[in-house]
Amino acid sequence: MNFIKTVVAAGLVAASTSAFAADITGAGATFPFPIYSKWADAYKKETGNGLNYQSIGSGGGIKQIQAKTVTFGATDAPLKAEQLDKDGLAQWPMVMGAIVPVVNLEGVKPGELVFDGETLAGVYLGKITKWDDAAIKKLNPNVKLPSEAITVVRRSDGSGTTFNFTNYLSKASADWKSKVGEGTAVEWPVGVGAKGNEGVSGNISQTKNSIGYVEYAYAKQNKLTYAGLVNKAGKPVQPTVEAFQAAASNADWSKAPGYYVILTDQPGEKSWPITAATFILMHKDATDKAASQEAIKFFRWAFKNGDKMAEDLDYIPMPDSVVQQIEKTWAAEIKS
Amino acid sequence: MAVQSDVIDDAGPYDRAKALSAFKLGDVTFYWITRLSAISVLLILGGIILSLIVGAFPAIREYGLSFLWTQRWAPSADPPVLGALGPMYGTLVTSFIAMLIAIPVGLGIAIFLTELCPQWARRPIGMAVELLAGIPSIIYGMWGFFVLGPFLANTFQPFMIKVFDGVPVLGAIFAGPPSYLSLFNAALILAIMVLPFITSISVDVFKTVPPVLKEAAYGVGCTTWEVVRSVVIPYTRVGIIGGVMLALGRALGETMAVTFIIGNSFRIQSSIFAPGTTISAAIASEFAESDGLHQSGLILLGLLLFVLTFFVLAAARLMLLRLEKKAGK
């Protein structure tokens, strides 16, 4: 909507004029906000150049870059190649995260419980309503499951996390695909909605016999009881950095125009099934070429020096093979 | 008079017409300033309605009147299926329960404060009520989430479910499973939030009752209850209803606290312990990441809340008018 665009743009202008002229401006997804600001901080210390990133949500990031009010936009749900061509945008993944199912079940420790996509979809469809359902029991023969109703928790706000979670359920369950489908906000058949990753974490730790899904970093930092998942290769895996990177390496980036790869349900015996990249959007032929070169410089620096910082914040750096490819994309697509 | 005019004449040349026109200019300026202030309200209101209609137009064209009775809310379907029934139901139910609790309690506090309370306790209780109005809504939301929610889910709801199990209608209204986030939780928080509006205004209008009226009633042997019922409340009816309407307006539109504790589910369920959503909670949750028809649908929801509030308040005014007529007989 135009008037919202104007309001947000006015806010950005107000924010950017207070900073130095050399600053790069970006806006979009909230999920990578902590790492982008950490990188920006370190980059400023090293080079003196600042970066101004507004976390207004993926949808907002796409709108802002289309309206050319920012140097780059950021989104958790990548744009398809046709859309990129239409707007003259380049797109690449910047950093990755993972989504993990979390539960609050008395006596169950992190990693003890295992789900597969079909069962998880059953719970979120409202078909599996009790913890001692045969489907859950079959996957977890050694775990003592109570005969209690499952409280399903999900996001109430539109979010990239929900997009990736529902995308995974759609791939894993035909029933989910036909009844609910994927999106940043979907028609949830059951459950209570909480705002943000922090809202879902809060709900899970408060509510007995509940299940939810959050970014891995939230599960780790809030010490929530996460559950393992059975991946595409049929192997149960735990949410670890190795499993997340395995999913990214096994993905076929080279054949995807605009890096349009949703990292859910990737092949490979070690791959974690709900891994997600967050993407950067930039104009191939930007009006302000100097700013756009500055931004590329920053991203190059982040790929080179930022891995440790990302891991400290429980993000997963892009594998080197993918970074090399992205460098080539910059050379080929971004006009200077 | 004659002396006075002599004095003015003696004081020098005095242009009566000029002085009068100076007064007139002052008056005219004053008139226009106040008039423009009043008109600006209409302009602002009109501007808001207009921008809502413009923003909601794609959704109006797509869904038309069926928006009002569609229960599905599927923004990711292709094309999106959007209906306002769920949020409208949630808005009305939570506001209704909130008023059901807040009106008697608020009036009770006000009557106690003005008629029965010992002098030393008036100020602390009065200030506590006013403080309730000063607490930010998100604090209410957090309190509802961390304190009220667990109490309702673990103690109150299981009790209600047991008591009303098997009773027709009531059994369905209080059905389980217990949940932290529910319509009822939100309604309770709303009741606490609107309480100060009702109480403060009622206290103020109760104080306007002429003591002689009450004394006369006591004089002929009325009890306190009879004085309140037959003298105080009839005398201040208009003021009380004004306070109630203000409270209702707040309950219908409250966003932050409700979003926190209502559970944000668009499905309508018979139980008030089930999660639901309100119009403002739905907008607050989904607006940031919405676009296209979805966003237009959310703006249409906003327009609907505007209209809904208008009708509810208009109905309250109408009721007031009828009461006045009856009293006039």
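This passage walks through a β-α-β unit in chain A, two residues with unusual backbone angles, and the contact between chains A and B.

The model is a predicted one, so local features are kept only at pLDDT of at least 70 and side-chain atom pairs only at pLDDT 80 or more, while totals for chains, interfaces and linings use all residues. Residues are numbered from 1 along each chain as its sequence is written, chains are lettered from A and ligands numbered from 1 in the order in which they are written, and side-chain values use heavy atoms, with hydrogens and water left out.

Starting in chain A, strand β1 (residues 24-28) runs parallel to strand β2 (residues 51-55), and five bridges link the two. Helices (H or I, at least four residues) and strands (E, at least two) are DSSP runs numbered from the N terminus, and two strands count as paired if DSSP finds at least two bridges between them. A:Thr25 has A:Asn52 as its bridge partner in β2(A). Add helix α2 (residues 33-47) of chain A, and β1(A), α2 and β2(A) make up a right-handed β-α-β unit; right-handed here means that, with the strands pointing away from the viewer, the path from the first strand over the helix to the second runs clockwise.

Chain A also holds two non-glycine residues with a positive phi: A:Asn209, at about 60°, and A:Tyr259, at about 55°. A:Asn209 sits in the loop between α9 (196-206) and β8 (210-215) of chain A, and A:Tyr259 in the loop between α11 (241-250) and β12 (275-283) of that chain. On the scale used, buried means under 20% relative accessible area, exposed over 50%, and partly exposed in between (1.4 Å probe, protein chains only). A:Asn209 counts as buried because its relative accessibility is 15%; A:Tyr259, at 5%, counts as buried too.

As for the two chains together, 29 residues of chain B are in contact (heavy atoms within 4.5 Å) with 31 residues of chain A. About 2300 Å² is buried between them, 51% of it from carbon and sulfur atoms; buried area is the accessible area (1.4 Å probe) that two parts lose on being put together, summed over both. B:Ser76, B:Tyr180 and B:Glu289 supply 26% of what chain B buries against chain A, more than any other three residues.

There is one salt bridge between chain B and chain A, the term requiring a side-chain nitrogen of Lys or Arg within 4 Å of a carboxyl oxygen of Asp or Glu. B:Arg72 forms a salt bridge with A:Glu187, with the closest N and O atoms 2.8 Å apart.
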